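Please open the model in a viewer and keep the sequence panel visible. The tour below proceeds from one selection to the next.

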Amino acid sequence: MTESKGTRLDRELNELLQELRVLLPGVQVLFAFLLTLPFTVGFEKTSEGERVLFFLTLLATATSAVLLVAPGVRHRSRFRDRDKEALIESGNRLSLVATVFLAFAITMAMTLIAEYLYDWTVGGVTGLFVLTLTGWFWYGWSIRRELKDRPRS
């Protein structure tokens, strides 16, 4: 049984919105934590390098949050325009780009914490490990599958 284009678009939009509902709470929690950090006792003792890394982490998290919210806002502002296919395509792109910023935010947050607890070497190794982990499980695995499933020419 094949689904009509309208049914497919409805299903794809619902899937996209469900995926965004999974991603957003994690980004919101990270963002909220980062927003409070500069106001805690001891933050003034951080080095210039730690502050730069913190700010980049905050910026990447904010960017991820904005991009993850954008498909819902765009849908709300255009839902009567019968432009569902474009909403799905742009929402998909926005969510993928958002996860790239989220991967960097998580990586930098882990780097910052490991550096604060130990030193820059441990922080760098931790960051590299987390970036490798997210790179593989979020993107590499799917890309590998895509390349494997492509017909050979």
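A residue is called buried when its relative accessible area is under 20%, exposed when it is over 50%, and partly exposed in between, with a 1.4 Å probe and protein chains only. Residues are numbered from 1 along each chain as its sequence is written, and side-chain values use heavy atoms, with hydrogens and water left out. The model is predicted: local features need pLDDT of at least 70 and side-chain atom pairs count only at pLDDT 80 or more, whereas totals for chains, interfaces and linings use all residues.

**First stop: valine 27**

Select valine 27, which is found in helix H1. Helices are DSSP runs of H or I with at least four residues, strands are runs of E with at least two, and both are numbered from the N terminus. Is valine 27 buried or exposed? Valine 27 is buried, because its relative accessible area is 0%. Next, display its contacts, a contact being heavy atoms within 4.5 Å. Not counting residues up to four places away in sequence, valine 27 touches Thr61, Ser64, Ala65, Leu68 and Leu102. For a distant reference point, select tryptophan 136: the two residues are 109 apart in sequence and 20 Å apart in space, C-alpha to C-alpha.

**Second stop: H1 against H2**

Select residues 5–36, which form helix H1, and residues 48–78, which form helix H2. Their axes come within 9 Å and cross at roughly 150°. Axes are lines fitted to C-alpha atoms, for helices over the stretch in contact, and angles run from 0 to 180 degrees between N-to-C directions. The crossing angle therefore makes H1 roughly antiparallel to H2. The cut-offs are as follows: angles under 35 degrees count as roughly parallel, over 145 as roughly antiparallel, 65 to 115 as roughly perpendicular, and the rest as oblique.

H1 passes H2 in a left-handed crossing; that is, the near helix is turned anticlockwise from the far one by less than a right angle, while a clockwise turn would be right-handed. The residues of this contact divide into 16 nonpolar, four polar and no charged. Here Ala, Val, Leu, Ile, Met, Phe, Trp, Tyr, Cys and Pro count as nonpolar, Asp, Glu, Lys and Arg as charged, and the others, Gly among them, as polar.

Within this contact, select leucine 34. Leaving aside residues up to four places away in sequence, leucine 34 touches Phe54, Thr57, Leu58 and Thr61.

**Third stop: the loop after H1**

Move to valine 41, in the loop between H1 and H2. Valine 41 is exposed, because its relative accessible area is 83%. Valine 41 lies 16 residues from proline 25 in sequence and 26 Å from it in space, C-alpha to C-alpha.

**Fourth stop: the partners of H3**

Which helices give two or more residues to the largest nonpolar core? A nonpolar core is a set of buried Ala, Val, Leu, Ile, Met, Phe, Trp, Tyr and Cys residues joined through side-chain atoms within 4.5 Å. The largest has 24 residues, of which Leu20, Val27, Leu30, Leu34, Phe54 and Leu68 touch the most other members. The elements giving two or more residues to this core are H1, H2 and helix H3 (84–117). H1 supplies the largest share, nine residues.

Now show H2 with H3. These helices pack at an angle of about 160°, with their axes 8 Å apart, which means that H2 is roughly antiparallel to H3. H2 passes H3 in a left-handed crossing, and their contact has 20 nonpolar, nine polar and four charged residues.

Then show H1 with H3, which pack at about 20° with their axes 10 Å apart. H1 is therefore roughly parallel to H3. The crossing of H1 and H3 is left-handed.

**Last stop: two residues of H3**

Select isoleucine 106, in helix H3. At 28% relative accessibility, isoleucine 106 counts as partly exposed. Apart from neighbours within four places in sequence, isoleucine 106 is in contact with Leu30, Val130 and Trp138. The C-alpha atoms of isoleucine 106 and valine 27 are separated by 9.4 Å, with their positions 79 residues apart along the chain.

Finally, select methionine 110, also in helix H3. Methionine 110 is partly exposed, at 35% relative accessibility. Not counting residues up to four places away in sequence, methionine 110 touches Thr126 and Val130.
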